[in-house]
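Subject: Pockets in the structure

Hi,

Here is the structure I promised to pass on. My notes on its pockets follow just below.

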Amino acid sequence: MGALKKKGLTAAETITVTSMLFGMFFGAGNLIFPVYMGQQAGNHIWPAVAGFLMTGVGLPLLAVAALGISRSDGVSSLGNRVGKKYSVFFTCLLYLTIGPLFAIPRCASVPFTVALEPVLQDPDSSKLWLGLFSLVFFLIVLFFSLKPGGILIWIGKILNPVFLLCLGIFVAAAFLSPMGSAEGIPPEASYESGAFFNGFIEGYNTMDLLAGLAFGIVVINVIRGLGIEEPGDIAASTVKAGVFSCLLMGVIYVFITVIGVQSRGIMQACSNGGEALYLIAGHYFGRAGTLILAVTVSLACLKTAVGLITSCAETFGALFPKGPGYRIWTILFTLTAFLIANLGLNSIIAYSVPALMLLYPLGITLILLALFGRFFGHDRRVYVSVTVFTFAAAILDFLHALPEGLQAVLHTDFLMNLAERYLPFFGLGMGWICPTAIGLLIGLAVRAVGHSKKK
């Protein structure tokens with residue numbers, strides 16, 4: 001008789017895979033955006049946290065679950081349900097956004113901006129130091145990424161535990177000696193009303209929904225490498241790791257947001273989350289705080305960059321089998337990210353927001369369709385109708401989020417005025433909701449008509 005097939009991961013393997021997935025998720029924006037939101041939200045913290053957790057935790061969990069439950073090998077498999085050409089378009093756009101164009105460069109620019117730039121004695125030399133820092137950063141990333149078989153060890157067993165230790169020291173100090181009470185901190189103007197929606201949109205900046213779709217192939221390959229062969233067993237193990245990693249992220253988000261609110265007890269709201277982290281660390285640890293913060297942020301960004309480079313290279317290799325191999329894609333993406341990182345954090349964030357306003361609605365609808373597709377037989381007509389209407393509305397959100405200079409060049413005033421007047425929730429950055437609902441109703445109606453004609 002043959003050996004029994006392994007049905008699931010052991011407890012130790014589950015912890016390690018969970019740690020790996022969390023390590024790839026939790027990177028640059030996961031530190032700077034919650035603490036900044038906390039400073040802005042003040043005593044309106046809990047509606048803001050609820051919105052942030054929906055996009056920063058709930059949606060990434062649904063992304064991992066969608067890949068596992070649908071037994072897909074990656075986002076391209078989900079996209080194929082709309083169409084093969086759309087799948088290639090969406091997959092490339094998603095991976096370039098969370099890869100070499102925005103997320104990976106941000107992984108290098110955040111630790112420099114947060115922990116190193118403030119201590120430079122000569123601010124005029126910051127570009128030179130950014131270049132040197134990003135060069136070393138991406139050489140390390142390249143070293144790890146060229147050995148994808150060791151990603152479980154590098155991230156799950158080494159980088160992530162060290163990161164959690166450093167973060168734990170920071171959080172423990174803040175909670176043992178809080179800088180203020182959340183109840184007495186008034187919110188900034190933007191959070192006086194609509195704190196939930198502000199938190200919801202702030203969660204976009206983590207890019208975790210997109211990362212959840214991207215990291216699926218890495219997690220699935222790791223689980224297969226641990227001896228799980230049956231698709232159903234792989235799906236169950238993937239979902240279990242996703243649940244545990246997202247719960248851990250949620251707890252940390254709440255801690256960091258509360259620390260951000262409490263910091264307002266003795267300081268003004270900062271211009272960004274990086275500045276807030278730097279000042280809070282300095283308050284608790286003095287000069288040593290700078291070192292702890294530098295190590296914490298650098299490790300968070302390093303492990304996420306490794307996961308992103310690995311996912312991007314594997315995906316592009318699969319999408320274009322006649323093109324470059326994994327090694328070439330890895331080198332190409334690392335080089336591109338290095339060049340863009342040297343534009344600076346502010347530029348990277350400014351141009352990433354419009355891309356996220358376009359991609360997030362498309363990602364959300366694709367995930368929900370995959371999860372609930374059994375109720376309409378995964379009919380392609382429903383997928384196409386929802387995607388077309390969502391894409392049209394997301395284009396408007398994309399244009400609205402562009403820097404003012406680009407909006408002026410593109411002459412978007414007329415379109416923006418129309419959208420603000422007639423498109424519900426457009427001013428909140430969620431103008432896609434109603435068009436998506438209309439697309440769903442139309443898709444279901446077309447399917448029903450098609451079924452009635454067959455009868």
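First, a word on residue classes: Ala, Val, Leu, Ile, Met, Phe, Trp, Tyr, Cys and Pro count as nonpolar, Asp, Glu, Lys and Arg as charged, and the others, Gly among them, as polar. By that scheme, the lining of the second largest pocket holds 13 nonpolar and 2 polar residues, with no charged ones.

Please keep in mind that this is a predicted model, where local features need pLDDT of at least 70 and side-chain atom pairs pLDDT 80 or more, while totals for chains, interfaces and linings use all residues. Residues are numbered from 1 along each chain as its sequence is written, and side-chain values use heavy atoms, without hydrogens and water.

A pocket here is an open set of points on a 1 Å grid over the protein atoms alone where a 1.4 Å probe fits, with protein on both sides within 12 Å along at least five of seven lines; lining residues have an atom within 4 Å of a point.

The second largest pocket has a volume (the space filled by probe spheres set on the points, which are joined across faces, edges and corners) of about 270 Å³. Among its 15 lining residues, Thr365, Leu368, Val386, Thr436 and Leu440 lie nearest the centre. H15 provides the largest share of that lining, 5 residues.

The largest pocket offers about 520 Å³. Its lining has 25 residues, with Phe33, Tyr36, Glu202, Asn205 and Val353 closest to the centre. By class, they divide into 13 nonpolar, 11 polar and 1 charged. Here too H15 gives the most, with 6 residues.

Best wishes

Key. Helices (H or I, at least four residues) and strands (E, at least two) are DSSP runs, numbered from the N terminus.
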